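Trainee: Before we look at the model together, I would like to ask how each label we use is justified.
Mentor: Then let us take the labels one by one and set each value against its cut-off.

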Amino acid sequence: HTRRNFIKIGSLGLGATAIAGGTMNWAVGSSSKKLSGGLKSAPILKKVSTYCEVCFWKCAGWAHVTTEGQIQKITGNADDPQCNGRLCPRGTGGVGMFSDPDRLKTPLIRITKNGEQTYREASWEEAFDFIAKKMKEIAEKDGPESMALFNHGSSGKYFTQLLNAYGSNNVTAPSFAQCRGPRDTGFELTFGESVSSPEVTDIRDTRCLVLIGSHIGENMHNGQVQEMSEAIDKGATIITVDPRLSTAASKSKYWLPIKPSTDLALLLSWIHVLIYNDLYNKEYVAKYAEGFNELKEHVRSFTPEWAYGITTIKPEVIRNTAREMANAAPATIIHPGRHTSWYGDDVQRSRAIAILNALLGSWGNRGGIFFKEGIKVPDFPHPAYPKPSWSWQDTLNGRYPLAKESITNTIIEASIPAEGNTHPIKGWIVSGTNLIVSIPLKEQLMKAMQSLELLVVVDTMPMEITGYADVVLPECTYLERYDDLRATPHREPTLVLRMPAVEPMYESKPAWWIAKQIGERLGLGAYFNFTDFKEVIDWQLKQLGLSLEEMERIGVKKYARKTPAYILPDSDHKFKTASGKIQLFSKELEEAGFDSMPKFTAHAQPEEGFYRLIYGRAPMHTFSRTANNRNLVALMPENAVWVNPQVAELWGLKKDQYVWLKNQDGVVSNFSVKVRVTERIRWDSVYIVHGFGHHHKPLTYAFGRGVNDTELITDVAIDPIMGGTGMRGNFVTFLKDEPKKEAKL
Ligand code: MGD
Ligand code: SF4
């Protein structure tokens, strides 16, 4: 018996009334001309300031609005140092998010009709009353701590405020345990702070950039890509470590096609060469680091010859690349990466990367890692939040002692009733994250969703996650709303305004409004003491001595730095660790019962006939959120599985043939995937781009295109230090004929 059957929103014939009520503003930006049938556009009336929400680089831009109220295109704001006036293909195609005909149009409430579960269209009032009633019941029965929020993107902020006001801080996002958590933890342990987002890597002025599995260029973080091509033009050496010839690898002086899962051995051997060949920055290390002697002893035996046997990278290549790094230092960056939850020992790999940067003197030097600076935007006044009696830390049950942010998977686990589950979660709000595609271990996720007393999903699109909700709330897209000022610290402090270019389509509403309305019904109106979010921004700008009118005109406000970006000569710089010194040897790890310095441990390798499943990004898509964007689907409609020619021959696979993938646990992909035969991938691995293989029919553009890597990730190696879910220990084989499958939904 399932409490919550999956409901296909599109099968309900909903939304007709709403469509008639809204204006259809089709995008006619350059990338969408083909699709929108060459619609003639009216003259441009105004340019409205926004920042992009297609990924979290948040490039500042202008929405060009015609006299007929259509968004004709989005362009970059030339004053924004994060994009320099140029958007990436996804940012340009962002209008497709707004004009998507499959958008959620009205609130929906799950009902049972003739014994079948279905949704009915509801008014906002009804939806809010439903949610408030359930949230009150949960607070009374189990305490407000039993509500959790899963969020990603700008909208999460308002629901976080709602939950905090209600009495819970069980707020979580996949961006920690499924993504940058291991990297941030590794760098915090070493330097006392993380490398942030956008990363504080000084790529523009670097002379040597080392990429370990970070595929800048395919992983399209705008400013970073621009800086990398600038660095290449200026003659920087690029060294790329990747089992696949990524775009970055193809632009590199050295491509090290490493055996997957062995990166830590290469890193340790580089540390060995720097120390034992006297190539490290002695002055910097003596002045700013502690634990050098322990490190030297620790890496004594990690010679390039040792690493060769593990990584398949030749000893002279390891020595030469170490020398290149040292020659360019301190203008050398061993890039910390971003999506780093790979093998379960990812904090230690990130530590090794941090240590290399330390030995080269990168942090605090031009062309290495700079100190960020930002503008502090004052908080809009609100009463103090109540103190919850327990929080996400309690869902760890003593595990992952160095987790600084909450872990999606332990919140999911706490949502499954079980003996000994002393901190049960009973309700979720899910905003801006398609958990079905982003969270590995699908069975656990399904069980949790079946157990909940309330599941509210706030989204712009009928993504898979919406089919499990009790209530679905249609949020308007970033082009139709105000949001917080962008104030993320980076090389130059900036403020960016996002305001609505057009009125929200259909019945959709901004998240700040949704959170406020729920709050008011829960008696928490004092926490949302404004009528329109515009008031909040106006107030904040005034505190900063600016005005909304000026920001509307300029979009981006740039400030001069007040603090130096690099360590000044003769300064007595203190790092943000407890002792003020870089931790080559980590006492904190030792005290928590972990290795104080990184060690290599071997990971499982594929059995015969199986290949390691590696995944990554494409420049036209972001996770699963763009998969139905018609502008971007036109550029890349589906993913393909990259297969080495040797393997293709062995299996008799031809270019463009469709195959199913089956993993080590017998899980078969939902759909078939096109074969791409290429020398650019090692024979022991296959590669697919993440975010495809949607099985929700209302996503008319995304449905059935390509495969979903997440459902093939059934073996997860959890990092004991911070709970990151290592997802790269899964192996697949090919099925050429359509497998018999049970319906999965
Ligand atoms: P998306 O898949 O892009 O990101 O995973 P998610 O956070 O789930 O889904 C975003 C959701 O937000 C979509 O449903 C979209 O329609 C909705 N949305 C878009 N704009 C708005 C808005 O303005 N408001 C609201 N309310 N909703 C909006 C990302 C996560 O996945 C991350 S960060 C990483 S790094 C991991 N990557 C990854 C991987 O590479 N491989 C595998 N197998 N799993 C992964 N999981 C992680
Ligand atoms: Fe948007 Fe591209 Fe910038 Fe990301 S990098 S914020 S998708 S323009």
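Trainee: What makes the pair Arg-481 and Asp-483 a salt bridge?
Mentor: This is a predicted model, and in it the closest N and O atoms of Arg-481 and Asp-483 are 2.6 Å apart. The rule asks for a side-chain nitrogen of Lys or Arg within 4 Å of a carboxyl oxygen of Asp or Glu, and the pair of Arg-481 and Asp-483 is counted as a salt bridge. Both partners are also buried, Arg-481 as well as Asp-483.

Trainee: Which network do salt bridges that share partners form?
Mentor: They join Arg-180, Arg-183, Asp-184, Glu-199, Arg-338 and Glu-405 into one network. Within that group, the side chains of Arg-183 and Asp-184 meet at 3.0 Å, N to O, and both of these residues are buried. By the same rule the count comes to 45 salt bridges.

Trainee: Why is Lys-133 called exposed, and why is Glu-137 called partly exposed?
Mentor: Lys-133 has a relative accessible area of 55%, and exposed means over 50%, so Lys-133 earns that label. Glu-137 stands at 37%, and because partly exposed covers the range between 20% and 50%, Glu-137 is placed there. The two form a salt bridge, with their closest N and O atoms 3.6 Å apart.

Trainee: Where do Lys-133 and Glu-137 lie with respect to one another in the chain?
Mentor: Both belong to helix α4 (residues 124–142), four residues apart, which is about one turn of the helix. In general, an α-helix has 3.6 residues a turn, so residues three or four places apart point the same way.

Trainee: How do you know whether Thr-626 is buried or exposed?
Mentor: Its relative accessible area is 1%, and buried means under 20%, so Thr-626 is buried. Thr-626 lies in the loop between β19 (611–616) and α22 (630–635), and, leaving aside neighbours within four places in sequence, Thr-626 is in contact with Val-54, Met-620, His-621, Leu-632 and Val-633.

Trainee: What makes the meeting of Thr-626 and His-621 a polar contact?
Mentor: Their side chains are joined at 2.8 Å, and the cut-off for a pair of N or O atoms is within 3.5 Å.

Trainee: Why is Glu-413 called partly exposed?
Mentor: Glu-413 has a relative accessible area of 31%, and because that label covers values between 20% and 50%, partly exposed is the right term for Glu-413. Glu-413 is placed in helix α15 and touches Thr-395, Arg-399, Asn-421 and Gln-444, not counting residues up to four places away in sequence.

Trainee: Which residues of helix α17 are buried, and what do they pack against?
Mentor: In α17 (residues 442–451), Leu-445, Met-446, Ala-448, Met-449 and Gln-450 are buried. The buried residues of α17 pack against α15 (408–414), β13 (427–431), α16 (435–438) and β14 (454–459).

Trainee: What area is buried between domain 1 and domain 2, and how many salt bridges and polar contacts link them?
Mentor: The domain assignment gives domain 1 (180–372 + 566–591) and domain 2 (611–735), and the contact takes 31 residues from domain 1 and 25 from domain 2. About 2100 Å² is buried between them, with carbon and sulfur atoms giving 59% of that area. The count of salt bridges between the two domains is zero, while 11 residue pairs are in polar contact.

Key
Residues numbered from 1 in each chain as written. Chains lettered and ligands numbered in written order. Predicted model: local features only at pLDDT ≥ 70, side-chain atom pairs only at ≥ 80, totals over all residues. Heavy atoms only, no water. Domains from an automatic or database assignment. Contact = heavy atoms within 4.5 Å. Buried area = accessible area lost by both parts, 1.4 Å probe. Polar contact = N/O pair within 3.5 Å; in protein donor to acceptor, adjacent residues only side chain to side chain. Helix = DSSP H or I, 4+ residues; strand = E, 2+ residues; numbered from the N terminus. Buried < 20%, exposed > 50% of the residue type's maximum accessible area, 1.4 Å probe, protein only.
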